[in-house]
Amino acid sequence: VKHSSSVTCSNNFSGDITIGKTGNEYLNGNIDELRITKGIARYTESFTPQSAEYSLVSNTNEVVELIDNTTIAANDFTYDGKDLIVNGTVLTIDGTHTFGDVQVINGGKIVQTHASAYESEKLTLTVDDMLIQSGAGIYLDGRGITGEGVALDHLAGGSYGGKGGANSIEPYGSYKEPVDFGTGAVNNTSNRGGGSIKLIVNNGLTLDGYISANGVKNGDSGGSGGSIWLDVAMLSGSGSINSNGGGAFGHSNYGSGSGGRIAVYYGSLDGFDLGSQISAAGGTQGSVGGAGTIYLKDKSQAVGELHIKGSSTSGVTKLSGVIDEPVYVSNARIDLLDGTELKQNIIGTGKVIPHGTFIVPSDYLVVDGWELTLNGEHSFARVDLVNGGKIVQTAASAYESEKLTLTVDDMLIQSG
C-alpha cells in the first residue's frame, strides 16, 4: 500500500510500503491482516479485502517543534489544536489544554509549575495520539505542595494515597478519579509531594519513557506521591507510570511519604503490563509510608480493580465506605475503617486490620493468602482460610485487653 490514491502491486513489488500516517495524510480504512516474511507479503487464508475503497484523510494540524524551554500558562491557548514535538527540551504546562498529536523525544520533558496550595491549578491534557520516547517523559516529581502547617508531627512524611510515616495526616482523595497534589514533609520547605495530571488520549499512547509524580525528599522526611489519571483508547510501550512516596532519613523518627494515587482507564493494551509497569509504593526509610492506590479499569467492563502494592507491611493504607472492586494487596497493610463494605473479596499477600465492623460478600469471609487481624466479637456465615491465609489477634498489653470471639456457621482451614 503506497501513499497514493491508487496502487498496483506486482508479485515482485519493490520499493517503500507505508501503512499509516505519513506527513499530513493517513490511511482511513481497515486492513484485516497483512503478513510480511523475509520480504514476502501475503494475505492469510482468512483475509477478505474490504469492498469499500480506502481514502486519504488530510491532517491539517499545524506542527510545532519545541527545541527551547517553553511555558504554556493556564490562560495561554496559543498551542491548542496543534501537533507538538517536545524535542530534548522542557515544556512547562499549567491548566487545561487540548492538542493534536504530541511527541516527547530525545530526553524531552513535560512538567508543571510547583503548587502553592491544594487548590492550585492542576494539569489536564487532551490529545489525539501521544508518543513518549525512552528517556523522555512527563515529570511531575515534587510538583505538589510542601508540608508546612499540614502534617501532625514536624518529622512526619507526607500522606495522600496512604498514610505518611511518623504520625502524619490522614489519607485523602479519590482512588477512582485522582486529582489532588501530593503533600510534602514539614521539616524542609523544598520537600514536596508529587504533582497532578489527567491525561486523555483519544487514540493511542505509546509510553516507552515515563509518567511520574513521585514525592521527593530534600530534608529528613519524604513527600507523598501525587495524582496520575489516564484515560486512553490504547496503551502500549515498555515505559513506567510511578507515583511513589519519597524516602526519609534512616532514623525511625523520620517519616517516609506515602504512595500517591494512579487511575488508568483503557480501551485496549498492546504489550503494556499493568502489573509490573505501574507503581505507587510508600517510601521505606525511617518510619515507612503507606502504599498508594492503583485503580485499573478496562472501559468495556462494569467494574475495575483496586491494587495496593507496597514495599512493606509497616506502612498504612486506609479504605472506607463501599468498595465495589476486587482488592488486590501485595506486601502492604490495609486498615478497614468502621463500616467498610467489601463487595468482593481481598486477594493477595499482606495484612488487613479492621477497625470496628466490616461487611464481606454474602457474609462469606475468604482470607486468601493474607493475614487478618481481628479483635472483639465477629460473626460470619462462613469463613475460609486458604493459601496460607490466617487470622491473628493483636498482642495483649494486659489481662484486660480485648479478647477475640469469632462465631461462624461453617469454617474451612486449609493445610498451610
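These exercises work through confidence, one loop residue and the enclosed spaces of a predicted model.

Residues are numbered from 1 along each chain as its sequence is written, and side-chain values use heavy atoms, with hydrogens and water left out. In this predicted model, local features need pLDDT of at least 70, side-chain atom pairs count only at pLDDT 80 or more, and totals for chains, interfaces and linings use all residues.

**Exercise 1. Find which residues have pLDDT under 50.**

Step 1. Take the scale: pLDDT is the predictor's confidence in each residue, from 0 to 100.
Step 2. Start with the chain. Its mean pLDDT is 88. A value of 70 or more is reached by 85% of its residues.
Step 3. Locate the weak stretches. Residues 1-14 stay under 50, and so do residues 21-27.
Step 4. Count contacts (heavy atoms within 4.5 Å) beyond four places in sequence. The model has 11 for residues 1-14 and 21 for residues 21-27.
Step 5. Apply caution: where pLDDT is low, the predicted coordinates should not be read in detail.

**Exercise 2. Describe the surroundings of Asp 208.**

Step 1. Place the residue. Asp 208 sits in the loop between β15 (196-207) and β16 (210-212). Strands here are DSSP runs of E, at least two residues, numbered from the N terminus.
Step 2. Check exposure. Asp 208 has a relative accessible area of 29%. That makes it partly exposed, the class between buried (under 20%) and exposed (over 50%), with a 1.4 Å probe and protein chains only.
Step 3. List the contacts. Leaving out residues up to four places away in sequence, Asp 208 touches Ile 132, Gln 133, Ser 134, Gly 237, Ser 238 and Gly 239.
Step 4. Add distances. Ser 134 is 74 residues away along the chain, yet the two C-alpha atoms are 4.7 Å apart. A polar atom of the Asp 208 side chain lies 3.0 Å from the backbone nitrogen of Ser 238.

**Exercise 3. Compare the linings of the two largest cavities by class.**

Step 1. Define the search. On a 1 Å grid over the protein atoms alone, a cavity is a set of points where a 1.4 Å probe fits but cannot get out; lining residues have an atom within 4 Å of a point.
Step 2. Count. The whole structure holds 3 cavities of 30 Å³ or more.
Step 3. Take the largest, about 50 Å³. Its lining has 9 nonpolar, 1 polar and no charged residues. Among them are Phe 358, Trp 370 and Asn 345.
Step 4. Take the second largest, about 40 Å³. Its lining has 3 nonpolar, 7 polar and 1 charged residues, including Val 288, Ser 311 and Arg 333. Gly counts as polar in this scheme.

Note on methods: Contact means heavy atoms within 4.5 Å. Helices (H or I, at least four residues) and strands (E, at least two) are DSSP runs, numbered from the N terminus. A polar contact is a pair of N or O atoms within 3.5 Å; within protein, one must be able to donate a hydrogen and the other to accept it, and residues adjacent in sequence count only if both atoms are side-chain atoms. On a 1 Å grid over the protein atoms alone, a cavity is a set of points where a 1.4 Å probe fits but cannot get out, and a pocket is an open set with protein on both sides within 12 Å along at least five of seven lines; lining residues have an atom within 4 Å of a point. Grid points are joined across faces, edges and corners, and a volume is the space filled by probe spheres set on the points.
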